[in-house]
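Please look at the model below with its helices in mind, and follow how they are placed against one another.

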Amino acid sequence: MKTYSVRARTAAEAFPRSEHLATRIAEVAVDPVEVPADVSEMIVNRIIDNAAVAAASVLRRPVTSARRQAVAHPYAPGATVFGLPAVQRFSPEWAAWANGVAVRELDFHDTFLAAEYSHPGDNIPPILAVAQHAGRSGAELIRGLATGYEIQIDLVRGICLHEHKIDHVAHLGSSAAAGIGTLLGLDADTVYQAVGQALHTTTATRQSRKGEISSWKAYAPAFAGKMAIEAVDRAMRGEGAPAPIWEGADGVIARLLGGLDAEYLVPLPGPGEAKRAILDSYTKEHSAEYQSQAPIDLARRMRSRIGDLGRIATIVLHTSHHTHVVIGSGSGDPQKYDPQASRETLDHSVPYIFAVALQDGTWHHERSYAPERAQRPDTVALWKKITTVEDPEWTRRYHSTDPAEKAFGCRAVITLADGETIVDELAVADAHPLGARPFARAQYLEKFRTLAEGVLDPAEQDRFLDAAQRVPELGAGELDQLTFTVAPEVLDRAPRTREGIFR
């Protein structure tokens, strides 16, 4: 890997395009390096993972709204939309929109955490939609996805957005544009312009993940993917982007991030170096924000040592700065303790999540968030006894570049009414590559079967999983197999939504 220093430049500084971060990204995108076998295998796993969580969310209202918007934009050759027959094709940016919302709605797919947060699986819907529309092969899709994962993860390693309250999908717009560039075999200048446009149109504040969290949390990455497709289309037609987009005097770093004095170190593969970043990411066993994955497993482990949970006086979770201020009591959000809060808000409340996991000994993507579950008096009482504090050691481990040290967990100190304390800690979730039960192909298949139950017919499950596991062998024009069809009588259970401009 080569590490590049990225900083804002004054308008008077000489700064050749060859040194722009967008150029460096474009050079990675056009590098014809082969995709290693283990990377290809993991990409297949994540295609399965995305489809699994999409199946579980396909009947939910935000997903239904997005799907109905896509249906208003039929197009040939077009791309497929989860839930609908593969013969129905839609404009690729709208298909990516609908599928991106389905993938993101339950907060249940892969993650990478470093200087910034990310869900790199969000690259799959836009890159796959363009691949289907353009009649590309499975091997070309894998090349494009390897780039998308690489660029997003490398930006996440080097550039912190949330410190300045910018939403993490700003990295996604650029990575998806780069991945589409690889998929289509575009030249470096076209990718450069597309990356710049995608970044410029996908920067937004983090209010979508604070306070009263709405369905926009699921829509934000789908919007970034949609914008990436449109950016590539414009760039292919010869239209340019603001430049230098990161480093300009009024660019992203100068005006939205650290300003003229900030320096960011971004690692990228050198010429001929394989794109392996996907192997550093990890998926979720539980449908909850990633930093709550280890706390859920820790709560399940500790509950037998407590016995009667009514004995608990207080629970303090000692954790990283990120966990404390984003999903913990350090956020200052009263909604994180509100039994009437939305599912999206509860998903970002580790006090709520720890309380329910401690009581139930399990976690379910629907039952654990049901209003009647959140409003149970004994849950509310326990929930309000739980706080978080930042521990500098957990913060250091969160930022560690050593995989053996990097941690997203916490230490739980449970004080009982009689003064007894029960203490335990867990650094990484059980499903993490270094956890107690790391996810491999068998676990991805099991996750798909579990989440598709009651939504997809067993025969359709079999068909999709067979196609997904043969992605490297799928020929040009065969990528329409990478969707699933929901029986009409099941899809009819989706909620009614109000009409908009697109009917």
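In this predicted model, a convenient place to begin is helix H6, which covers residues 138-158. Its 21 residues, at 1.5 Å a residue, should span 30 Å, and the C-alpha atoms at its two ends are indeed 30 Å apart, so the expected and the computed span agree. As for its surroundings, 17 of the 21 residues of H6 are buried, and the helix is therefore largely enclosed by the rest of the structure.

One of the elements that packs against H6 is helix H1, made of residues 21-30, and the axes of the two helices lie 10 Å apart at an angle of about 150 degrees. Because angles over 145 degrees count as roughly antiparallel, H1 and H6 are described as roughly antiparallel to each other. The crossing in which H1 passes H6 is right-handed. On the H1 side the contact involves Leu21, Ile25, Val28 and Ala29, which meet Thr147, Ile151 and Leu155 of H6. Six of these contact residues are nonpolar and one is polar, while none is charged.

A further pair is formed by helix H8 (residues 188-201) and helix H9 (residues 216-236), which pack with their axes 8 Å apart and at an angle of about 140 degrees. Here too the crossing, that of H8 past H9, is right-handed. H8 contributes Thr190, Gln193, Ala194, Gln197, Ala198 and Thr201 to the contact, and H9 contributes Phe223, Met227, Ala228, Ala231, Val232, Arg234, Ala235 and Met236. Sorted by character, the residues of this contact comprise nine nonpolar, four polar and one charged.

Definitions and conventions
Residues numbered from 1 in each chain as written. Predicted model: local features only at pLDDT ≥ 70, side-chain atom pairs only at ≥ 80, totals over all residues. Heavy atoms only, no water. Helix = DSSP H or I, 4+ residues; strand = E, 2+ residues; numbered from the N terminus. Expected span 1.5 Å × (residues − 1). Buried < 20%, exposed > 50% of the residue type's maximum accessible area, 1.4 Å probe, protein only. Axes fitted to C-alpha atoms, helices over the stretch in contact; angles between N-to-C directions. Parallel < 35°, antiparallel > 145°, perpendicular 65-115°, else oblique. Left-handed = near helix turned anticlockwise from the far one by under 90°. Contact = heavy atoms within 4.5 Å. Nonpolar A, V, L, I, M, F, W, Y, C, P; charged D, E, K, R; others polar.
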